[in-house]
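Colleague: Could you take a close look at one part of this model for me? I'd like to hear about one strand and what surrounds it, then how that ties in with the rest.

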Amino acid sequence: MSFVTVRSVFQTYGSRPIIERVNVDVDEGEFISIVGASGCGKSTFLRLLLAQERPTRGEISIAGAPPAREPGLDRGIVFQRYSVFPHMSIRENVMAGESFRRGWGRFWGAERKAALARADETLARIGLDHVADQYPATLSGGMQQRLAIGQALVARPRVLLLDEPFGALDPGTRIAMHDFLTDLRTETGMTVFMVTHDLEEAFKLGDRVLVFDKPRWDPQDPNLNGATITYDFDARNGGIPFQTLKEETHVLEEH
Amino acid sequence: MRLINIIPGRALAAFLVLLPFALVLIAYAIGSDFRLTANPSDKLLPAPSTIGDTVVRLTTEGDRRTGDILFWLDTWASLKRLGLGIGISASLGLLFGLLIGLLPLVRSTLNQFVAVLSMIPPLALLPILFIVFGLGELSKVVLIVVGTLPFIIRDLSQRTIEIPQELLVKAQTLGASTWVIAIRVALPQIMPRLIQSVRLSLGPAWLFLIAAEAIASDAGLGYRIFLVRRYLAMDVILTYVIWITILAFLIDWALRYASRKFFPWAEEGL
């Protein structure tokens, strides 16, 4: 069985269908890019994966667990904005990834010291150690998103969800963030879902690219039909399929 | 150059700040001088020098009967009532504001109720408070609480609702319980707002305090003003009014300072 299983998911707001008949299987460690026009249910699908909303019909299960009823530790999320806590310093933001699951939401004594050391390690890895004591408002957009990703990863989620994480960044910073994300991914081997508007980004980062679109379009009532996954591209090897050999070839290895 | 683009320099800005104060003082001095030349025993607009003498007399000389300096006793009595009233309002307001803002169950239960409660004119309740709590300290403190609490609850619950949903979802994905979200995400975010709320409530709080003291009390700034009104002691009234203004201004300034000092991340909007 696949790691993330989405089975005939429908989501309807009032009488208006947003997404219909979504079926997808994702293996552990895959990077899934989700693209599509505005209003085609990309973000709705991500909210369903996050369990922030529950589908009208169908189920989503991660690692064989029963469908979640609310967001939890197994799903990490990075939004385009408001992903870090503005009232905490950068270091506290990173520590929150570990301490929020505790009864009082913080560490005390020796545990706190250990957590501080770990936080500093994480900060050094994501390149924010020089601003550890500042508040997020003083950071640039790219640094804030790096912090948000770092914070989400500290909690060690099974699945990382990214909702247009680089949408508000300038092109240079965006490319730097791509490298950052690729590095983190090779390090952690995490399953990632990323919603983006940028096709190039989707193919560059993703193993698979899912396209959300409305398969049927009623000119009298454009809202009558919901969107679904219309294409599922293999985006490895620069988007050119069948580049990896599936058979064992012993010929070249023979002496 | 357009008027909207003319920005005063430092010196001019300072002068402009002081100008209205100076104008009022000058206008008062001239008016007082007019009346006093016409009738030297006029009590309506005492000369600024007379007020100065009164200030010194009130703040240094003890009462003839008890030897206590009434000015400071009044100040202490009033500040105690004000502090208690506002303190209770702020604590309850914070608690209920958080509950209503964070928990949909409590919001459904209390939101409309508080909205209706806040429409009751607090002064109309004063007779009831006097009957129920007696004429002592309690009824005055309760009046301040009744008068300011609904506003603080509504303001803080609204601010809590306005905390971006993304932050609450993020906290949940980090494994935070409702309690942790309340104390680690929502509470620190609305603390600066609480200070703002208290600053806005201080005006009404003084109003209710002075009203309650004027009707039934034996000490307090409001009580003294209404007491000496019988003797047309304008110099005493003016001294007290200026003193209340200074106190209110200082409290406001201290709160603003505290907000900047303790919540530096919430710089904008303070």
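**A strand and its surroundings**

Modeller: Let's start with a pair of residues: Ile34(A) sits opposite Leu210(A), which belongs to strand E8 of chain A. Bear in mind that this is a predicted model. The strand to look at is E3(A), residues 31-36, and because six of its six residues are buried, E3(A) is largely enclosed by the rest of the structure. Neither face is left open: Phe31(A), Ser33(A) and Val35(A) are buried on one side, and Ile32(A), Ile34(A) and Gly36(A) are buried on the other.

Now for the strands that pair with E3(A). E8(A), residues 208-213, runs parallel to E3(A) and is joined to it by five bridges. E7(A), residues 191-195, is parallel to E3(A) too, with four bridges between them. In that pairing, Ile32(A) is the residue opposite Phe193(A).

Back to Ile34(A), whose contacts reach into both of those strands. Leaving out residues up to four places away in sequence, Ile34(A) touches Phe193(A), Met194(A) and Val195(A), along with Leu210(A) and Phe212(A), and also Lys42(A) and Phe45(A). Zoom out a bit and Ile34(A) turns up again: in the largest nonpolar core, which has 102 residues, Ile34(A), Leu161(A), Phe193(A) and Ile144(B) are the ones touching the most other members. The biggest contribution to this core comes from helix H8 of chain B (residues 178-215), with 14 residues.

As for Lys42(A) and Phe45(A), which Ile34(A) also touches, have a look at helix H1 of chain A, residues 42-50. H1(A) lies across E1, E2 and E4 of chain A, at about 60° to E2(A). Those strands make up an open, antiparallel sheet of three, in the order E2-E1-E4. E2(A) (16-26) and E4(A) (57-62) are its edge strands, each pairing on one side only. From one strand to the next, the twist averages 20°. Between E1(A), residues 4-13, and E2(A) there are seven bridges, and Thr5(A) faces Asp25(A) of E2(A) across that pairing.

Since Ile144(B) came up in the core, here's the chain-chain side as well. Contacts link 18 residues of chain B with 24 residues of chain A. On chain B's side, helices H7 (165-173) and H8 each supply at least two residues, and H7(B) has the largest share, with seven. Sorted by class, that side of chain B has eleven nonpolar, four polar and three charged residues.

Methods. Residues numbered from 1 in each chain as written. Chains lettered and ligands numbered in written order. Predicted model: local features only at pLDDT ≥ 70, side-chain atom pairs only at ≥ 80, totals over all residues. Core = buried A, V, L, I, M, F, W, Y, C linked by C-beta atoms within 7 Å. Buried ≥ 20, exposed ≤ 12 C-beta atoms within 10 Å, placed from the backbone. Contact = placed C-beta atoms within 7 Å. Nonpolar A, V, L, I, M, F, W, Y, C, P; charged D, E, K, R; others polar. Pairing = 2+ DSSP bridges. Axes fitted to C-alpha atoms, helices over the stretch in contact; angles between N-to-C directions.
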